[in-house]
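Welcome, and thanks for taking a look at this chain. Below is a short tour, grouped by topic, to read with the structure open beside you.

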Amino acid sequence: MGLKPAMRQALSLTLLAWVLGACAQEQAAQATAVEAEQAPDTADSRYGFERPSRDGIGKIYMGREISHVMGHLGAGWLERPEREREERTDLLVENLPLAPDDVIADIGAGTGYFSFRMAQRVPEGKVLAVDIQPEMLDIIEARKAETGLGNVTAVLGNERDPGLAECSVDLALLVDAYHEFSYPFEMGRAIARALKPGGKLVLIEYRGEDPRVPIKRLHKMTEQQSQTEMQAAGLSWVETLDVLPQQHFMVFQRDEACAAGAAAES
Ligand SMILES: C[S@@+](CC[C@H](N)C(=O)[O-])C[C@H]1O[C@@H](n2cnc3c(N)ncnc32)[C@H](O)[C@@H]1O
């Protein structure tokens, strides 16, 4: 016996509703799983998440997707002989505002390429070479033994904190590293707190505005984006030097006084 048209239509609608309901439940379950996985970050509305692009981690800060960290197997690239000519790393070091007794933090130091060059300019001071990869710190320790430059100290930081004492640093240098920080806000605040009042953060990033710079998109930053993010960390922009062929040389400063009990070293 055939079903009446009205009954057939009702059954079809019920079936459709069941299928749609099941799909919605499946989607909700997937969304809950993703949320649970990202719980520590989604609790903090600073970060967004999307499907990762090829060079990124899918985590968004102030409209910018954060890039992958360059692994320690890329150490050879950081030390390539042509780097000085291509990036004019000599000019980079020359233009840093350094005094002989300064305390410098080289954050995301990698192999210590800049740490050891700066160490020679602060014979009465010291360089804290911070990285999150122990393999990079091993390279720095080996180089320290080889060069005899005793004023470089390797410091193991973590993704959110470079582990620097409050109000202890005259200059923080970040070369080609900040765009990799998976917690840029937390790192920015921690670095700002580690600076002495008037202390400088020099941020070096490949120019995101310049298509001629042959570097992957997420490994570059625009000046505007950099300024917005440094301001969010509590630092004020001082100047941008036009001295490097491929990178911005951006100088920021801590204006805040130190909290009581966190006396700045002289
Ligand atoms: C592309 S390398 C640049 C190294 C060095 N500044 C140079 O220019 O030769 C970036 C480095 O930043 C480090 N890094 C990434 N996230 C970090 C974080 N949250 N704190 C400290 N170092 C970090 C990586 O482990 C890597 O060694």
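Let us begin with a single residue: E50 counts as exposed because it has 10 C-beta neighbours inside 10 Å, and a residue is called exposed at 12 or fewer. Please keep in mind that this is a predicted model. From E50 the tour moves to the sheet around it, then to the chain as a whole, to helix 7, and to strand 7 with its partners.

**E50 and its surroundings**

- E50 is found in the loop that links strand 1 and strand 2.
- Leaving aside residues up to four places away in sequence, E50 touches G58 and I60.
- I60 is 10 residues away from E50 along the chain, and their C-alpha atoms are separated by 7.6 Å.

**The sheet of three strands**

- Strands 1, 2 and 3 form an open sheet in the order 1-2-3, with antiparallel pairing.
- At the edges are strand 1 (47–49) and strand 3 (64–67), each of which pairs on one side only.
- From one strand to the next, the twist averages 40°.
- Strand 2 (residues 56–61) runs antiparallel to strand 3, and 3 bridges join the two.
- To find this pairing on screen, look for G56, which stands opposite S67 in strand 3.

**The chain as a whole**

- The secondary structure comes to 9 helices and 11 strands.
- The chain has 266 residues, of which 32% count as buried.
- Among contacts with a separation of 6 or more, 64% are between residues 24 or more positions apart.

**Helix 7, a helix with two sides**

- Helix 7 (residues 134–147) is made of 14 residues, and its first and last C-alpha atoms are 20 Å apart, close to the 20 Å expected at 1.5 Å a residue.
- Which residues of helix 7 are buried? They are M136, L137, I139, I140 and K144.
- These buried residues lie on the same side of helix 7 because they cover an arc of only 155° around the axis.
- A general rule helps here: an α-helix has 3.6 residues a turn, so residues three or four places apart point the same way.
- The other side of helix 7 carries the exposed residues P134, E135, D138, A142, A145 and E146.
- What covers the buried residues of helix 7? The cover includes helix 3 (75–78) and helix 6 (113–119), along with strand 5 (126–131) and strand 6 (152–156).
- Just after helix 7 comes G148, which takes a positive phi of about 75°.

**Strand 7 and its partners**

- Is strand 7 (residues 169–175) mostly covered or uncovered? Strand 7 is mostly covered, with 7 of its 7 residues buried.
- Strand 4 (residues 103–107) pairs with strand 7 in the parallel sense, over 3 bridges.
- Within this pairing you can look for A105, which stands opposite A172 in strand 7.
- Strand 8 (residues 195–207) also pairs with strand 7 in the parallel sense, here over 6 bridges.
- V175 has I204 in strand 8 as its bridge partner.
- Together with helix 8 (residues 184–194), strand 7 and strand 8 make a right-handed β-α-β unit.

Notes. Residues numbered from 1 in each chain as written. Predicted model: local features only at pLDDT ≥ 70, side-chain atom pairs only at ≥ 80, totals over all residues. Buried ≥ 20, exposed ≤ 12 C-beta atoms within 10 Å, placed from the backbone. Helix = DSSP H or I, 4+ residues; strand = E, 2+ residues; numbered from the N terminus. Pairing = 2+ DSSP bridges. Right-handed = clockwise from strand over helix to strand, strands pointing away. Expected span 1.5 Å × (residues − 1). Arc of directions from axis to C-beta. Contact = placed C-beta atoms within 7 Å. Axes fitted to C-alpha atoms, helices over the stretch in contact; angles between N-to-C directions.
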